[in-house]
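Work through the exercises below with the sequence and the model side by side, trying each task before reading its solution.

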Amino acid sequence: MKQLSKQLLAAKKSAQGAFLKLVLNKDSKCWSEFHKYTKRRKGNRENIPAIKDCNGRNITESIEKANSLNFYYYSVFGSEDNFLKIQDKISSELFTIDTKIIRKMIAAIRKNKSVGVDGFSIGILKLGGEAIIPYLARLLDITMNNCTLPGDWKKATVIPIHKGSDRSLVTNYRPVSLTSVVCKQMEHVIASYLRQVWDKNYLLYEGQHGFRPGYSCESQVTTVCQDIADSLDNEDRIDPIVIEFSEVFDLVPHGRLLTKIANSGVGSRVILWIREFLLGRMQRIKVGAHLSEEVRATSRDPQGSVLGPLLFLAYVNDILRNIETTIRLYADDCVIYRKIINKEDIENVQKDLYRLGEWAVENAMKINPSKSKAVRFTRARLKDPLDYSLTNTSIPETSSCK
């Protein structure tokens with residue numbers, strides 16, 4: 001039996017090696033196939049063990065887990081903010097429905113894609129093919145002209161995904177929304193238009209990587225590491241501060257988000273459609289086969305939607321306002337750093353940290369200073385500890401950070 005077990009393990013290892021080699025030799029599809037492979041190796045992150053409620057009581061029943069997570073997600077929502085302010089002098093770009101986007105996205109849909117809350121099967125879109133495209137375009141045009149969306153398009157089933165650390169804590173689960181697959185096709189058209197307008201107007205900050213074609217978090221890491229390496233090669237010192245934001249997607253106020261989008265040159269029809277898309281959203285949490293009660297999302301940029309990440313980029317785009325220190329963003333994370341030549345440079349970094357804290361308060365974003373990190377890169381032997389603070393709280397110094 002032991003010999004047979006060894007042979008089976010050796011055969012399994014050999015098959016895995018051969019499969020991985022085949023995946024990496026698929027040219028343009030190499031990385032997408034590789035990510036699918038690693039995702040399968042990670043296992044199921046949706047499995048939720050016993051969790052603790054606010055009183056420390058262990059919860060084992062799926063329905064209780066769903067309601068407990070639902071209560072937590074609802075508790076971190078910001079207050080409802082419907083205020084919308086549009087600058088009169090900002091010109092807007094005319095919106096036209098691009099059926100090429102619909103055709104492309106339907107062709108790219110995977111057959112195993114999850115069914116949305118409306119129960120509409122993705123297979124119907126795939127089977128409809130070219131014939132269904134004019135109907136989807138007409139449907140988007142109707143929702144644009146009437147400034148209203150079907151109720152099912154504004155509902156979400158939220159799947160809690162474990163993001164690391166203690167699996168018994170509700171704070172360690174990220175909410176990902178399953179929404180209408182038909183609405184997502186509409187979102188792709190809107191998202192393509194937004195990118196076109198923002199690229200034309202050079203709206204998005206060059207230092208924002210993540211949720212953007214050609215601007216990945218990996219490319220941002222490469223840029224930051226190169227800046228640090230160049231500084232060390234020149235025998236200079238550089239101090240990066242890694243900022244930890246908390247529940248950023250959940251805290252986005254809808255009114256302020258819409259105001260920023262409206263003042264970015266986007267057409268009024270699109271602004272009103274996005275407003276209808278954001279306001280009055282309902283959600284429920286799913287754990288196993290059980291669903292929690294339905295609650296209203298008074299804030300939140302929907303994770304799991306097509307538009308959500310792109311709208312978030314527009315919301316945090318002015319984070320660099322009045323900040324002189326280099327700031328680079330990885331979607332909802334950021335790092336600021338400056339070459340330190342003298343004491344004045346340290347003071348300038350601290351001033352920019354104050355300004356960053358003021359921006360967070362003004363935009364209802366929550367920064368966790370105790371989980372942020374201050375690092376010093378230098379070839380010199382310095383013994384003085386770093387003394388940076390954010391929102392009147394000291395930022396811990398560390399020799400490394402993730």
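**Exercise 1. Find the bridge partner of Gln 208 in E11, then place that pairing in its sheet.**

Solution. In E11, Gln 208 is bridged to Leu 329. The model is a predicted one, in which local features need pLDDT of at least 70 and side-chain atom pairs count only at pLDDT 80 or more, while totals for chains, interfaces and linings use all residues. Residues are numbered from 1 along each chain as its sequence is written, and side-chain values use heavy atoms, with hydrogens and water left out.

Next, E5 and strand E11 (residues 326-330) pair in the parallel sense over two bridges, where pairing requires at least two DSSP bridges between two strands and a strand is a DSSP run of E with at least two residues, numbered from the N terminus. The open sheet of five strands then reads E5-E11-E12-E6-E14, with mixed pairing. Because strands E5 (208-209) and E14 (373-374) each have a single partner strand, they stand at the edges, and one side of each is left without a neighbour in the sheet.

**Exercise 2. Which residues have the most contacts inside the largest nonpolar core?**

Solution. A nonpolar core is a set of buried Ala, Val, Leu, Ile, Met, Phe, Trp, Tyr and Cys residues joined through side-chain atoms within 4.5 Å, buried meaning under 20% relative accessible area with a 1.4 Å probe, protein chains only. The largest such core has 74 residues, and Leu 194, Trp 273 and Ile 274 have the most contacts inside it. Its largest share, eleven residues, comes from helix H7 (residues 181-200), a helix being a DSSP run of H or I with at least four residues.

Conventions:
Buried means under 20% relative accessible area, exposed over 50%, partly exposed in between (1.4 Å probe, protein chains only).
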